[in-house]
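Welcome! Let's take a walk through a protein chain and the ligand it holds.

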Amino acid sequence: MVLLRRADGDRLKRVLLLATTTGYQIRAFGEAAAKLGIRLIFASDRCDQIEDPWWDQAIPVRFHDEERSVNAVIDAGGPPPDGIVAVGDRPVVLGARLAQRYGLPWHSPEAAAVSRHKMLTRQALQRAGLPTPVFESVAIDADPRALAGRLSFPLVVKPQALSGSRGVMRVNDEAEFVVAFERLAALLHSPDVRKEQDSAHERALIESFIPGREYAVEGVMTNGALRVLAIFDKPDPLDGPFFEETIYLTPSSAPADDQRRIESAVERAACAIGLSHGPIHAECRLDGKTAYVLEVAARPIGGLCSRVLRFCDPADLDGDPVSLEELLLRHALGRDVAQLLRESAASGVMMIPIPKRGVFRRVEGVPEAACVPGVEEVRITAKPDASLIPLPEGKSYLGFIFARGATAGIVETALREAHGRLRFVIDREVAVVT
Ligand code: ADP
């Protein structure tokens, strides 16, 4: 059933924003909405809510219970929204179902579900004849010793539906496979993952390791056509055993031919998954001349990282730069965003990795790091006294460093220099014996 839309064109436009917790990207959407003079309505998972200043106004939903959540949003009343944005991996299917109910153009619920599920993504790419690793899905309770003998190495063991490289491990032989599989099983059995109530966590994906350089692609799809907003180089080698993202740089320094290969591979992969309208964020590996798309998420780049992108509106050259959030709100409202071009400066972000497990106390050297020419911001997001858990079990960064400059090389040097000036004070965790 499609709910009838109101025809009162002059009223304040409303965009429904479905988000997991992290406050900063929600705030960026809030700022963009204020600039555009539109109203945001929030829906968020009560379980994920920690300290969100917008929380009082949010419609509580459960991302794992889509049927009830769709009804909760509709029952919350008010006129149907004029657009939908989903931020984070977990709300994308709910967002797609709501868009369908409201008759708004968006990725279909089926495509959103495939994009969230690494095995379904592999199958969709394979059916479309696109390059994909050799893959197999196995029950997480399977005996890895019984599996190990028939596998070819190196390979990657990973969850089917977590994000941020959580649980993703490269293994080079049978012994490493057994250890990694058991480690992944423990992660998928942990309360933190179980609370998602996602049946995808009952199985693991095993796939061949694809060598090569890795790129991320940020884009927006309009009626099935992809517009690439940025290709990001990931200059640090991602060869395992874990796959921590560190630096993203744009514009890409890859040769023009390779950039075309990456763009076209991502568009074909997005179409094979069925994604058609709304933001996408893809990861792609270039092995020689073959572009392997590892995933296409039906959402924008996560959290604070979106600040790495800024756009210029040729119709408003004196105005403030346009943020990714503003671009996405305009797109959600059906406005043409084709004229918005990424700024001419090179830009980059370092997601500050967690150097070791322990209790975070503080970071020293932030003012010195912030003074590095080109560095625009050093933002520590870890909270003092928080437990730090590195990959593959962890799911957060210590913070972010942002830099801009004339070339991607200058930006990369600035990010590394700033990171080198930071000193992390992390205490050992003390086991409490009762
Ligand atoms: P997530 O959604 O958690 O980011 P991905 O499947 O995208 O999980 O994997 C995270 C990272 O692990 C990738 O960006 C890549 O660096 C690495 N990776 C994953 N699968 C493979 C593979 N088959 N071959 C090589 N590297 C891989």
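Helices (at least four residues) and strands (at least two) are DSSP runs, numbered from the N terminus. With that in hand, we can place Ser 165: it sits in the loop between E6 and strand E7 (169–171). Please keep in mind that this is a predicted model.

**Around the ligand**

Ser 165 is a good place to start, as it is among the closest of the 20 residues that surround the ligand. The others named as closest are Lys 118, Lys 158, Ile 210 and Glu 214. The shell is a mixture: 9 of its residues are nonpolar, 4 are polar and 7 are charged. Three strands, E6 (155–159), E8 (203–208) and E13 (290–297), each supply at least two residues of this shell.

Here are three pairs of atoms to look for in the structure.

| Residue | Atom of the residue | Atom of the ligand | Distance |
|---|---|---|---|
| Lys 158 | side-chain N or O | oxygen | 2.7 Å |
| Gly 164 | backbone N or O | oxygen | 3.2 Å |
| Ile 210 | backbone N or O | nitrogen | 2.8 Å |

How much of the ligand's accessible area does the protein cover? On its own the ligand has 530 Å² of accessible area, and the protein covers 98% of it.

**The domains**

The domain assignment divides the chain into domain 1 (14–114), domain 2 (134–208), domain 3 (213–346) and domain 4 (352–427). Why does the ligand lie between domain 2 and domain 3? Both of these domains give residues to the shell around the ligand, so it lies between them.

Now turn to domain 1 and domain 2, whose C-alpha centres are 31 Å apart. Their contact takes 4 residues from domain 1 and 4 residues from domain 2. The size of an interface is often given as the accessible area lost when the parts come together. For domain 1 and domain 2, about 390 Å² is buried between them, with 51% of it on carbon and sulfur atoms.

**Backbone details in the loops**

Back at Ser 165, phi is near 65°, a positive value in a residue other than glycine. Gln 197 is not a glycine either, yet its phi is positive, at about 50°. You can find Gln 197 in the loop between helix H8 (191–194) and E8.

Which peptide bond leading to Pro 241 is cis? It is the one from Gly 240, with omega near 10°, and Pro 241 lies in the loop between strand E10 (225–233) and strand E11 (247–250). A cis peptide bond also joins Thr 250 and Pro 251, with omega about 5°. Pro 251 belongs to the loop between E11 and helix H9 (256–273).

Note on methods. Residues are numbered from 1 along each chain as its sequence is written. This is a predicted model: local features need pLDDT of at least 70, side-chain atom pairs count only at pLDDT 80 or more; totals for chains, interfaces and linings use all residues. Side-chain values use heavy atoms; hydrogens and water are left out. A residue is near a molecule or strand if one of its heavy atoms lies within 4 Å of it. A polar contact is a pair of N or O atoms within 3.5 Å; within protein, one must be able to donate a hydrogen and the other to accept it, and residues adjacent in sequence count only if both atoms are side-chain atoms. Accessible areas come from the Shrake-Rupley method with a 1.4 Å probe; for residues, only the protein chains shown count as cover. Ala, Val, Leu, Ile, Met, Phe, Trp, Tyr, Cys and Pro count as nonpolar, Asp, Glu, Lys and Arg as charged, and the others, Gly among them, as polar. Domain bounds come from an automatic or database domain assignment. Contact means heavy atoms within 4.5 Å. Buried area is the accessible area (1.4 Å probe) that two parts lose on being put together, summed over both.
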